[in-house]
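These are my notebook entries on one structure. I set down in turn what I looked up and what I found.

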Amino acid sequence: MSHLRPEVRSRALELIALYPERRSALIPICHLAQEQDGWLRPEAMEEIAELVGVTPAEVRGTATFYDMLHTEEVGTYLVSVCTNIACLLGGALELLEHAEETLGVRAGGTTEDGAITLEEAECLADCDRVPCVQVNHRYVGGQTPESFDRLVADLRAGRLTDTVPSHGTLVRVRRSVGLQADRQEVARQRAAMAGAQAARAAERERQKAAAGEGGAGSASGGGQG
Amino acid sequence: MAVTETPRIVTSRIGYEDSHTIDRYLATGGYEALRKALSMTPEAVAAEVDAASLLGRGGAGFPAGRKWSMLRKDPVTYLVVNGDESEPATFKDHLLVERDPHQLLEGVLIAAYALHVSLAFFYLRGEFALGLERLQQALNDAYAHGAAGHDVFGSGFSIDVVVHPGAGAYICGEETALLESLEGKRGFPRIKPPFFPAAIGLYGQPTVVNNVETMSNLPWIVLNGGAAFAALGQGRSAGTRLFALSGHVRNPGTYELEMVKTTFRDLIYAPVLGGGVRGGNELKAFIPGGVSAPWFGPDQVDLPLGQDEVAEAGSMLGSGSIVVMDSATCMVRAAWRITRFFARESCGQCTPCREGSGWLERVLYRIEHGGGREEDLDLLLDVSDNISPGLQWPPLQTTICVLGPSIPSSIHSAISMFRDEFLLHVKEGACPHA
Ligand SMILES: Cc1cc2nc3c(=O)[nH]c(=O)nc-3n(C[C@H](O)[C@H](O)[C@H](O)COP(=O)(O)O)c2cc1C
Ligand code: SF4
Ligand code: FES
């Protein structure tokens, strides 16, 4: 029995077809599962495992690495308040405190009615409108305590459903075409790679082992990246 | 000061309400550069990019042309665009993806042609929901227009592009972690060597990874020539760059400026740019290139916005994000918040980074909240030194990736520049700014 609804499952298969290796579709399909259920249910993770050819434990292990993938239930609206440096300078910690009071939950918690999960976020790349707030990963602009309360009221009253779909829905624009670049070429590439793959994996393991012996003590300088 | 005369290379369309649509793009010369590129040989296109002296805009500033020339010859190669943009206070790629997705896409198509790539990926941070939708729409429209897919514009060149959403993890901006993530795994940076994905990248195949802004410059470079791009700016810092200005300025925002020709003072104070420090306050310090960069004080405000100029002064232009802190800012708090970010986002593979970041965060927290001791300052520097020996710039690296050695930057800067302020916290047993 499939947990993912037929149309979700067929979208998942479309995603898998886009990548040279199935596993690459793991995270995009996790997003799809969250679109269906609001969070990642164990049954969904089992099905994703089967779809991309890994164990359910690997799906869980991967998903828990990522902040946006929720292996526990979240509210209909995930309200993320950034408190990183630019927002901090713009009063983000004070806004977060206000949000905790207004909603009656600490950051990380969900209101009793299940409507809102409050989250303290790292930089959301919208640092000129501070403190930055996202709802279900849609930017709603820099917020004051007053505007935040209006935002919450609007969410609860369902006034923002057009711009802010319920939690889990990430990309509403569906890809219109499959892969087109010479199909035979793509098939050939996949075949060529399957062979090279095993050799490369072994090589990587060897390098890892070698690096482990010497200690990861390379003294290369350089800035970021 | 010539800040208003800056040519607009990547922001020429963002004034339009519909700048993200294919109609606007085509009405403003869109996909002409791709047509021109397709009329040239791939090698000639790569040569233009090399001549442009286009430095990567993702943070490390590696010349794009050189990176491309390092791509190992192989029947299967990939191009991956880094749109993870998670370095705190960096928000320029956000603008480019949301407001001009076709320009970005055209850049990628040009690069794919030049590199003989037939499958390219956009890795966009998952929090860019609108950006992901707009980019997917742009891609759908480009396929329909014949600019992507099979036999692009009848040239015989075929290319597929896939938009891939991330799922929230700063470390996935590091290019090898990004590739792991794109392979459906946890975002653990890969052990080096190999140092460059150009040798072994996605699925073990040679891969070019470039930043969103780097790619967005390509249509202009192809249309106007590499020499025209190199004529802007100065020295290695050619062309224009997007600077993301935030913090205590009147007009925070993203500004496209010619490299080197503009100074931090211009950016922060010019009425058409930052407009000065908020409330007319004094400038206390600023971060010149993302939170991994050492801080500058008011005495360094006349430095030009150039890669080498900033490096020589002991910091980096990094991701092009400038954070302004005014006289009312608590520097302990600022350093603590930045450190907490690193502590949260450390992937945990390397002990100095994983343990060190947590330690530093706790010590800074207790100083900020009145529980600090005078010895804590030495402790902070000591732990920092364990992460990056000698606390020099550029930092020494003992870890798998550069996140680790980036941690001490803000702490070392804050203590060197504002030691008295730390001591006042300790003496008063509270934050004097609270
Ligand atoms: C911790 C860390 C985070 C990074 N984050 C990003 C990022 O969000 N976006 C980006 O383009 N580059 C980021 N980089 C740099 C990339 O590793 C890589 O150098 C860059 O994507 C190459 O593109 P470019 O040459 O066009 O700049 C990061 C590096 C490190 C060490
Ligand atoms: S330096 Fe930090 S983030 Fe980078 S690989 Fe090591 S533990 Fe992970
Ligand atoms: S620091 Fe808050 S959005 Fe960037």
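**Entry 1: Chain B as a whole**

I began with the secondary structure and found that chain B has 17 helices and ten strands. I then looked up the radius of gyration of chain B, which is 22 Å. The globule rule also gives 22 Å for 434 residues, so chain B is as compact as a globular protein of that length. I noted that the model is a predicted one.

Along the principal axes, the C-alpha atoms of chain B fill a box of roughly 75 × 45 × 35 Å. I recorded that 63% of the 434 residues of chain B count as buried. I also looked at contacts in chain B between residues at least 6 apart in sequence; 73% of these join residues at least 24 apart.

**Entry 2: Helix α14 of chain B**

I asked what span the 15 residues of α14(B) should have. Helix α14 of chain B covers residues 331-345, and at 1.5 Å a residue the expected span is 21 Å. The expected span is 1.5 Å times one less than the number of residues. The end C-alpha atoms of this helix are 21 Å apart, which agrees.

I next looked up burial in the same helix, and 14 of the 15 residues of α14(B) are buried, so the helix is largely enclosed by the rest of the structure.

**Entry 3: The contact between the chains**

I looked up how many residues each chain brings to the contact: 79 come from chain B and 66 from chain A. On the side of chain B that touches chain A, the elements giving two or more residues include α7 (129-145), β3 (160-165) and α14 of chain B. The largest share of that side, eight residues, comes from α7(B). By class, the side of chain B that touches chain A has 35 nonpolar, 32 polar and twelve charged residues.

**Entry 4: The surroundings of ligand 2**

I found 14 residues around ligand 2, and those that come nearest are Cys350(B), Cys353(B), Thr399(B), Cys401(B) and Gly404(B). The elements that give two or more residues to this shell are α15 (351-368) and α17 (403-428) of chain B. I sorted the shell by class and obtained eight nonpolar, five polar and one charged residues.

**Entry 5: Unusual backbone geometry**

I kept in mind that most residues other than glycine have a negative phi, and that most peptide bonds are trans.

I found a cis peptide bond between Lys192(B) and Pro193(B), with omega about -5°. Pro193(B) lies in the loop between α8 and β4 (207-211) of chain B. The bond from Trp393(B) to Pro394(B) is cis too, with omega near -5°. Pro394(B) has its place in the loop between α16 (375-387) and α17 of chain B.

I then looked up positive phi values. Val260(B) has a phi near 70° and lies in the loop between β8 (253-258) and α12 (264-269) of chain B. His137(A) has a phi of about 65° and lies in the loop between β3 (133-135) and β4 of chain A.

Are these two residues buried or exposed? Val260(B) has 20 other C-beta atoms within 10 Å and is buried. His137(A) has 25 C-beta neighbours inside 10 Å, so it counts as buried.

**Entry 6: Chain A**

I looked up the division of chain A, which is into domain 1 (6-63), domain 2 (77-156) and domain 3 (180-209). The centres of domain 1 and domain 2 of chain A are separated by 29 Å.

Definitions and conventions:
Residues numbered from 1 in each chain as written. Chains lettered and ligands numbered in written order. Predicted model: local features only at pLDDT ≥ 70, side-chain atom pairs only at ≥ 80, totals over all residues. Near = placed C-beta within 6 Å. Helix = DSSP H or I, 4+ residues; strand = E, 2+ residues; numbered from the N terminus. Nonpolar A, V, L, I, M, F, W, Y, C, P; charged D, E, K, R; others polar. Buried ≥ 20, exposed ≤ 12 C-beta atoms within 10 Å, placed from the backbone. Contact = placed C-beta atoms within 7 Å. Rg over C-alpha atoms; globule rule 2.2 N^0.38 Å. Domains from an automatic or database assignment.
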